[in-house]
Amino acid sequence: ENETETIAFNYGKMVAIIHNAVQSFTSQHTRFSLDLDHLIDAPLKSIGPMLSHREEDWAYLQHLAAKIRHRLGKLPSDSLEQGFCHGDFHGGNAHVTDDGAITFFDFDCCGWGWRAYDIAVFRWSTRLANKEKERWEPFLHGYTEERSLHSLDLKAIPLFIGIRHFWLLGLHTGNGHDWGFGWMNNKYFDKAMKFFREWDTEYFTDKNETQTLSVG
């Protein structure tokens, strides 16, 4: 367990180092933006046909997407830090040597976006693995040791956890013609809806609403 926490700490540290390194990065090559069109709207277009037999769940996801847009819109304009992001810092896209050196790979999701989203991807992955308590705090400590994180960005991270899961379903359903659709069955969507509903219940509370709006 201590070893896992150490890796999470070092992982967070390296994510911050990458964010620092790309502060002045520019490129003539066009990349998609990690915005709500990419993270929610496009996914919904490919998710919808897959839920034609689950009308209640489809209506719920559309309602949840609207709530997310509303919550994000309440944050002070242009307040969240943006920059180039890896887009897929879920913990697996790195090679860790025996002495703890970390090498990142799989940059195909990179683009301009919210840094809070880039960080939230790791927290989202720990939630999926039921290891959020063990791994998130060490990661955050590692990150902030190398790079400051504005309080508003920190408070926005939980919101981006839900946004990330929309993206994941969009990735799966949008690539169904290449990856196959059979495995995206009722069991698959039961699990996905469970994740969304638990996150929704936990995140969209009066307490969280107050905390979000009190920062600015």
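How exposed or buried is Phe-181, judged by its relative accessibility? I began my notes with this residue, working throughout on a predicted model. I find Phe-181 at 31% relative accessibility, so I enter it as partly exposed, since that class covers the values between the buried limit of 20% and the exposed limit of 50%. Phe-181 sits in the loop between helix H7 (176-179) and H8. I also looked up its separation from Ala-101: the two are 80 residues apart in sequence, and from C-alpha to C-alpha they are 38 Å apart in space.

**Aromatic pairs**

I searched the whole structure for aromatic pairs and the search returned 15. I looked at the pair of Trp-114 and Phe-160, whose ring centres are 5.3 Å apart and whose planes meet at 40°, so I record the pair as tilted, an angle of 40° being neither under 30 degrees nor over 60. This pair links distant parts of the chain, with Trp-114 in strand E5 (residues 111-114) and Phe-160 in helix H6 (residues 151-174), 46 residues apart. I then checked both partners for burial: Trp-114 is buried with a relative accessible area of 14%, and Phe-160 counts as buried at 0% relative accessibility.

I turned next to Tyr-203 and Phe-204, whose ring centres lie 5.0 Å apart with the planes at 85°, so this pair is edge-to-face. Tyr-203 counts as buried, at 3% relative accessibility. I also noted one aromatic cluster, which is formed by Tyr-11, Phe-104, Phe-122, Trp-136 and Phe-139.

**Charges over rings**

I looked for arginines over ring faces and wrote down two cases. Arg-127 lies over the face of Phe-195, at 5.9 Å from the ring centre, while Arg-197 lies over the face of Tyr-60, at 4.0 Å from the ring centre.

**Helix H3**

Tyr-60 led me to helix H3, where it is listed among the buried residues. What span should the 20 residues of helix H3 (residues 55-74) have at 1.5 Å a residue? I get an expected 28 Å, and the end C-alpha atoms are 29 Å apart, which agrees. The buried residues of H3 are Asp-57, Tyr-60, Leu-61, Leu-64, Ala-65, Ile-68, Arg-71 and Leu-72. Looking down the axis of H3, I see these buried residues fall within an arc of 140°, so they line one face of the helix. The general rule behind such a pattern is that an α-helix has 3.6 residues a turn, so residues three or four places apart point the same way. On the other side of H3, I list Glu-55, Glu-56, His-70 and Gly-73 as exposed.

**The largest pocket**

I looked up the largest pocket, which has a volume of about 430 Å³. Its lining has 16 residues, and those closest to the centre of the pocket are Arg-127, Leu-128, His-165, Lys-191 and Phe-195. Arg-127 and Phe-195 thus appear again, having been noted above as a charge over a ring face. Helix H4 (115-128), H6 and helix H8 (186-203) each supply at least two residues of the lining, and H8 gives the largest share, six residues.

**Single residues**

I then returned to H6 for Ile-163, which is found in that helix and counts as buried at 0% relative accessibility. Its C-alpha atom is separated by 9.5 Å from that of Val-121, although the two residues are 42 residues apart along the chain.

What is the phi of Asn-130? I find a value near 55°, which is positive in a residue other than glycine. As background, most residues other than glycine have a negative phi. Asn-130 is found in the loop between H4 and helix H5 (132-146), and I enter it as exposed, with a relative accessible area of 66%.

My last entry is Ser-33, in strand E1 (residues 33-34), which is partly exposed with a relative accessible area of 33%. The C-alpha atoms of Ser-33 and Gln-23 are separated by 16 Å, with the residues ten apart along the chain.

Conventions:
Residues numbered from 1 in each chain as written. Predicted model: local features only at pLDDT ≥ 70, side-chain atom pairs only at ≥ 80, totals over all residues. Heavy atoms only, no water. Phe/Tyr/Trp six-rings, centres within 6.5 Å; stacked < 30°, edge-to-face > 60°. Helix = DSSP H or I, 4+ residues; strand = E, 2+ residues; numbered from the N terminus. Buried < 20%, exposed > 50% of the residue type's maximum accessible area, 1.4 Å probe, protein only. Lys NZ or Arg CZ within 6 Å of the ring centre and 35° of its normal. Expected span 1.5 Å × (residues − 1). Arc of directions from axis to C-beta. 1 Å grid on protein atoms, 1.4 Å probe; cavity = no way out; pocket = protein on both sides within 12 Å on 5 of 7 lines; lining within 4 Å. Points joined across faces, edges and corners; volume = space filled by probe spheres on them.
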